[in-house]
Amino acid sequence: MTRFATFATLYFVALFLEPAEKWRHPWFTAMFLLLGLAAATRGFSRRSLAPLLLLATIQPLLTEFPDVANHVNVELVCNLVLLAAIGFTLRHQDQFGSDDDAFDLVRPVLQVTLMLVYALAGFAKLNRDFLDPGVSCVGSMVDDLTRLAERRVAGVPLAVPVAVAIALAAMALLENRRGRGSSARPGQAWRAGLVAAMAGLVSLVGVGVGRQVGAALVPIMACVVIAWELGGGLLLAVPRLQAPLLAFSWTMHASLSFIGFVHFGALAFALLSTFVPDRFMALMAAPMAVPGTRRRVARPAVYLGLAILAGILSGLGARIPAAVCFNLGTLVMLWPVLRTLAARTPEALWPGVPIRRGAAPAWLFAGPVCLGLLGLTGYVGLRTAGNFTMFSNLRTEGATSNHLILADNRLKRWDYQEDAVHFTRFDDRLVPPSYRGQHLAGMELPVVEFRKWIYQWTAEGRRVPLEFVYAGEVYRTPDIVEDPVWRTPARSWAMRLLDFRVIQPEGPNRCRW
C-alpha cells in the first residue's frame with residue numbers, strides 16, 4: 001500500500017465512525033460504508049477518496065450544521081483541505097504524478113491542523129474551574145474511567161484483563177530487544193504468567209484505592225492535560241520530540257475511547273499518523289499473517305475491518321466492545337512499529353517529520369487558519385460550542401471570564417452570549433438531541449440558540465408551552481411556536497453559523513460538552 005492509501009484508510013475510518021456512533025442517518029451511514037469498502041478493495045487513491053470526502057462534507061452541512069461536535073468541524077476543514085490538495089495535484093500531474101506526492105504535499109497542512117486543535121483546546125482549559133476538583137471536567141472523566149474499571153466481567157473488574165493484556169504486550173516488546181529474538185524459549189511462559197499475575201494484582205489494588213485518591217489528583221491531572229494539549233500540541237513541531245508525544249497522545253485517546261470517544265480517537269489517530277516517518281508508515285502498511293491460515297493481509301485492511309465492527313457495536317450501544325475493537329485495530333497497525341522501536345536497532349531511530357517538509361502552496365493553509373479563527377469565536381463573543389472548548393469548563397459569558405489570561409474578556413466584540421433568556425421552568429424532554437441529559441430549569445440560553453430551537457419545533461409541528469424571563473420581562477406562553485413575539489419560521493445567518501451551550505447563571509462552571 002502507498003502512504004497515501006494508508007492515511008486514506010485511517011481517515012476514512014474516522015469519517016465512517018462519526019455517523020456510525022449512533023446511526024442517526026442509517027441510510028447515509030450504510031451507503032458511505034459500502035462506497036468506502038469498494039474504494040478500499042481497489043486500493044484508496046486520490047480519485048477514489050475524493051467522492052467520499054465530498055459526501056462526508058455535504059451530509060453534515062445539510063443535516064446538522066452548525067450544531068456539530070468539535071471534531072466534526074475539524075473533519076469538515078480537513079475534508080476541504082484534502083479535496084483542494086487532490087484537485088491541485090491532479091491538475092499538476094507533471095509535478096505530482098503519484099498519490100504519495102499528493103500526501104507529501106498535504107501532510108504539513110494536516111500536521112499544523114492537529115497542532116492547532118490541540119493548542120486551542122489546551123488554551124481553553126486555562127481557567128480556574130478546570131483546576132477546581134469539584135467541577136473540573138478531568139474529575140468527570142476520571143469518575144467515568146473509574147466506574148469503567150470497576151465494572152465486572154465474569155465477576156472480575158474490567159481493569160484486570162486490561163492491565164494483564166497491556167503487561168503481556170509490553171513483555172512481548174521487551175523480549176524483542178536485540179540479541180533475544182522473538183521465538184519462545186525455556187522460562188518465557190513462566191515469566192509471562194508472573195507478569196500477568198502481578199499486573200492483575202496491581203490493577204485490583206488500583207481499583208480499590210482509585211476513588212480515594214482520584215479527587216486529590218484532579219488538579220495535577222488537569223495540569224497534565226493542559227501541558228499535553230497546549231504544550232505538547234505546539235512541541236509536535238520539534239521532530240525529536242514527536243515520538244514520545246505521539247505515544248502519550250495515542251495512550252490518552254485509547255483511554256478516552258472507552259468512555260465514548262471512539263470517533264474522535266479515530267480522527268486523532270489518522271492525523272497523528274502524519275507525524276510518522278515514511279519507513280515506519282511502511283511498517284504500518286505491511287501485510288500480517290492471519291492466525292490459523294497461511295494468508296497474509298495488509299494491516300490497514302485489518303484495521304478497517306475492526307473499525308467497521310466498532311461502528312456497528314457503537315450503533316448498538318455496546319460502547320466498551322466498540323472501544324476494544326478500535327484499540328485492537330490501532331494495536332495491529334502500530335505493533336510492527338513498536339517492535340522495531342523496542343529492538344533498539346539502528347533502523348529503530350525515529351527521525352521525526354519536519355513540518356516544513358513538502359511543497360504545500362500557502363493558500364492551502366487557509367484551512368488551519370479558519371480553524372484558528374473558529375477557536376477564537378468564544379473569546380470575541382460569538383459561538384461557545386463546536387470551537388474546541390469541549391470539556392474545558394470555560395465560561396466567557398458576561399462581563400468577565402473564568403479564563404486565567406483573558407479574565408477581563410478584552411477580546412469580546414459581540415454580545416450574542418449576553419443576549420439570553422432565563423428558563424424558570426422547562427420540560428427537559430423538549431430539548432434537541434445534542435442537549436439531552438441537561439436540566440434547563442434555572443439555566444440561560446442565548447437568544448440565537450433559543451430561536452434555533454423554536455425553528456426546529458416549528459418544523460416538527462410541535463406545541464411547546466414555556467415560561468422564561470427575557471430582558472427583565474416574564475413570558476408565559478401556551479405555545480412558543482405560535483407566539484407573535486417569538487415565532488421563527490426562517491433561519492437568520494446567525495442561526496445558520498453559530499452554536500451555543502446553555503449558560504449556568506452562578507457558581508463554578510460545571511463540565512459540559
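Two strands pair if DSSP finds at least two bridges between them. Helices (H or I, at least four residues) and strands (E, at least two) are DSSP runs, numbered from the N terminus. The model is predicted: local features need pLDDT of at least 70 and side-chain atom pairs count only at pLDDT 80 or more, while totals for chains, interfaces and linings use all residues. Residues are numbered from 1 along each chain as its sequence is written, and side-chain values use heavy atoms, with hydrogens and water left out.

**Exercise 1. Work out how E7 and E8 are connected, and place them in their sheet.**

Step 1. Let's start with the turn: E7 and E8 form a hairpin with two residues between them. In that turn, Ala471 has a positive phi of about 55 degrees.

Step 2. Next come the bridges. Five of them join E7 and E8 in the antiparallel sense, and Tyr470 has Glu473 in E8 as its bridge partner.

Step 3. On to the other pairing of E7 (residues 466–470): three bridges join this strand to E5 (residues 420–425), again antiparallel. Here Arg425 is partnered by Glu467 in E7.

Step 4. Now assemble the sheet. It is open, with four antiparallel strands in the order E6-E5-E7-E8. Strand E6 (444–446) and strand E8 (473–477) are at the edges with a single partner strand each, so one side of each has no neighbour in the sheet. From one strand to the next, the twist averages 30 degrees.

Step 5. Finally, add the helix. H15 (residues 447–460) packs on the sheet and touches E5, E6 and E7 (contact means heavy atoms within 4.5 Å). The direction of H15 makes about 85 degrees with that of E6.

**Exercise 2. Describe how H5 packs with H14, and how H1 packs with H4.**

Step 1. Two packed helices are described by the angle between their axes and the distance between the axes. Axes are lines fitted to C-alpha atoms, for helices over the stretch in contact, and angles run from 0 to 180 degrees between N-to-C directions.

Step 2. For H5 (residues 99–124) and H14 (residues 366–375), the angle is about 10 degrees and the axes are 9 Å apart. H5 and H14 are therefore roughly parallel (angles under 35 degrees).

Step 3. Look at who meets whom: Val109, Val112, Thr113, Leu116, Val117 and Leu120 of H5 face Pro368, Leu371, Gly372 and Gly375 of H14 in this contact. By class, seven are nonpolar, three polar and none charged.

Step 4. For H1 (residues 3–20) and H4 (residues 70–91), the angle is about 145 degrees, with 11 Å between the axes. Residues in this contact include Phe4, Phe7 and Tyr11 of H1, along with His71, Val72 and Glu75 of H4. The class count is nine nonpolar, two polar and two charged.

**Exercise 3. Decide whether Gln59, Phe388 and Asn409 are buried or exposed, and check the backbone of the last two.**

Step 1. Buried means under 20% relative accessible area, exposed over 50%, and partly exposed in between (1.4 Å probe, protein chains only).

Step 2. Gln59, in helix H3 (residues 46–63), is buried at 14%. Leaving aside residues up to four places away in sequence, Gln59 touches His25 and Phe28.

Step 3. Phe388 lies in the loop between H14 and E5 and is buried at 0%. Phi of Phe388 is near 70 degrees, positive although the residue is not glycine.

Step 4. Asn409 also sits in the loop between H14 and E5. Its accessibility of 9% makes Asn409 buried, and its phi is near 50 degrees, a positive value.

Terms used
Angles under 35 degrees count as roughly parallel, over 145 as roughly antiparallel, 65 to 115 as roughly perpendicular and the rest as oblique. Ala, Val, Leu, Ile, Met, Phe, Trp, Tyr, Cys and Pro count as nonpolar, Asp, Glu, Lys and Arg as charged, and the others, Gly among them, as polar.
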